[in-house]
Amino acid sequence: MLGWALTFLIVALIAAALGFGGIAGASAGIAKILFFIFIVLFVVAMIARALKGRPPL
């Protein structure tokens, strides 16, 4: 999922450089949403791992 967020971020940067404002804004928004979903899933996975008795990472 982090890979998708980075992909949309790159698309947003390229679109912004070429002057496509709408596409850049949409891609940046999608990248932000995917990044925050990734962070939430990462935290949930670390909590689940800690509750099973294994140290996180």
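Reader: In this model, what does leucine 41 count as at 49% relative accessibility?
Author: The model is a predicted one, and in it leucine 41 has a relative accessibility of 49%. Exposed would require over 50% and buried would require under 20%, so leucine 41, which lies in helix H2, falls between these two limits and counts as partly exposed.

Reader: How far apart in space are leucine 41 and arginine 54?
Author: Along the sequence, leucine 41 and arginine 54 are separated by 13 residues. In space, taken from C-alpha to C-alpha, the separation between leucine 41 and arginine 54 is 18 Å.

Reader: Does lysine 32, in the helix H2, count as buried or exposed?
Author: Lysine 32 has its place in helix H2, and its C-alpha is 15 Å from that of glycine 22, which is 10 residues away in sequence. The relative accessibility of lysine 32 is 53%, and because the limit for this class is over 50%, lysine 32 counts as exposed.

Reader: How many helices does the secondary structure of the protein chain contain?
Author: The secondary structure of the protein chain includes 0 strands. What the chain does contain, then, is helix H1, covering residues 2-18, and helix H2, covering residues 21-51, and the number of helices comes to 2.

Reader: What is the radius of gyration of the protein chain?
Author: Along its principal axes, the C-alpha trace spans about 50 × 15 × 10 Å. For 57 residues the globule rule gives 10 Å, and the value for this chain is well over that, so the chain is more spread out than a compact globule. The radius of gyration is 16 Å.

Reader: What percentage of the area that the protein chain exposes is supplied by carbon and sulfur atoms?
Author: Buried residues make up 14% of the 57 residues in the chain. The chain exposes about 4,300 Å², and the part of this area that carbon and sulfur atoms supply is 81%.

Reader: Where does UniProt place the feature "transmembrane region"?
Author: The feature comes from an unreviewed UniProt entry, and such annotations may be inferred rather than shown by experiment. In the predicted model, the stretch in question is 100% helix and 0% strand, with its end C-alpha atoms 33 Å apart. The record places the "transmembrane region" at residues 29-51.

Reader: Which element gives the largest share of the nonpolar patch?
Author: The patch on the surface is formed by Leu2, Leu6, Leu9, Leu13, Phe35, Phe36, Ile39, Phe42, Val43, Ile47 and Leu51, which together have about 1,000 Å² of accessible area. Two or more of these residues come from each of helix H1 and helix H2. One of the members is isoleucine 47, which is partly exposed at 48% and has its place in H2. The largest share, 7 residues, comes from H2.

Reader: Which residue is 9.4 Å from phenylalanine 36, C-alpha to C-alpha?
Author: Phenylalanine 36 has its place in helix H2 and, at 54% relative accessibility, counts as exposed. Its partner in this distance is 34 residues away in sequence, and that residue is leucine 2.

Reader: How do the rings of phenylalanine 35 and phenylalanine 36 meet in their aromatic pair?
Author: Rings pair if their centres lie within 6.5 Å, and by this rule the count comes to 2 aromatic pairs. In the pair of phenylalanine 35 and phenylalanine 36, the centres are 5.8 Å apart and the planes are at 65°. Because planes over 60 degrees apart define the class, this pair is edge-to-face.

Reader: What kind of aromatic pair do phenylalanine 38 and phenylalanine 42 form?
Author: The rings of phenylalanine 38 and phenylalanine 42 lie 6.4 Å apart, centre to centre, with 20° between the planes. Both residues lie in helix H2, 4 residues apart, about one turn of the helix, and phenylalanine 38 is partly exposed at 26%, while phenylalanine 42 is partly exposed at 41%. Because planes under 30 degrees apart set this class, the pair is stacked.

Conventions
Residues are numbered from 1 along each chain as its sequence is written. This is a predicted model: local features need pLDDT of at least 70, side-chain atom pairs count only at pLDDT 80 or more; totals for chains, interfaces and linings use all residues. Side-chain values use heavy atoms; hydrogens and water are left out. Rings of Phe, Tyr and Trp (its six-membered ring) pair if their centres lie within 6.5 Å; planes under 30 degrees apart count as stacked, over 60 as edge-to-face and the rest as tilted. Buried means under 20% relative accessible area, exposed over 50%, partly exposed in between (1.4 Å probe, protein chains only). Patches are made of residues with over 30% relative accessible area and no salt bridge: like charges are joined within 9 Å, nonpolar side chains (Val, Leu, Ile, Met, Phe, Trp, Tyr) within 5 Å. Accessible areas come from the Shrake-Rupley method with a 1.4 Å probe; for residues, only the protein chains shown count as cover. A salt bridge is a side-chain nitrogen of Lys or Arg within 4 Å of a carboxyl oxygen of Asp or Glu. The radius of gyration is taken over C-alpha atoms; the globule rule is 2.2 Å times the number of residues to the power 0.38.
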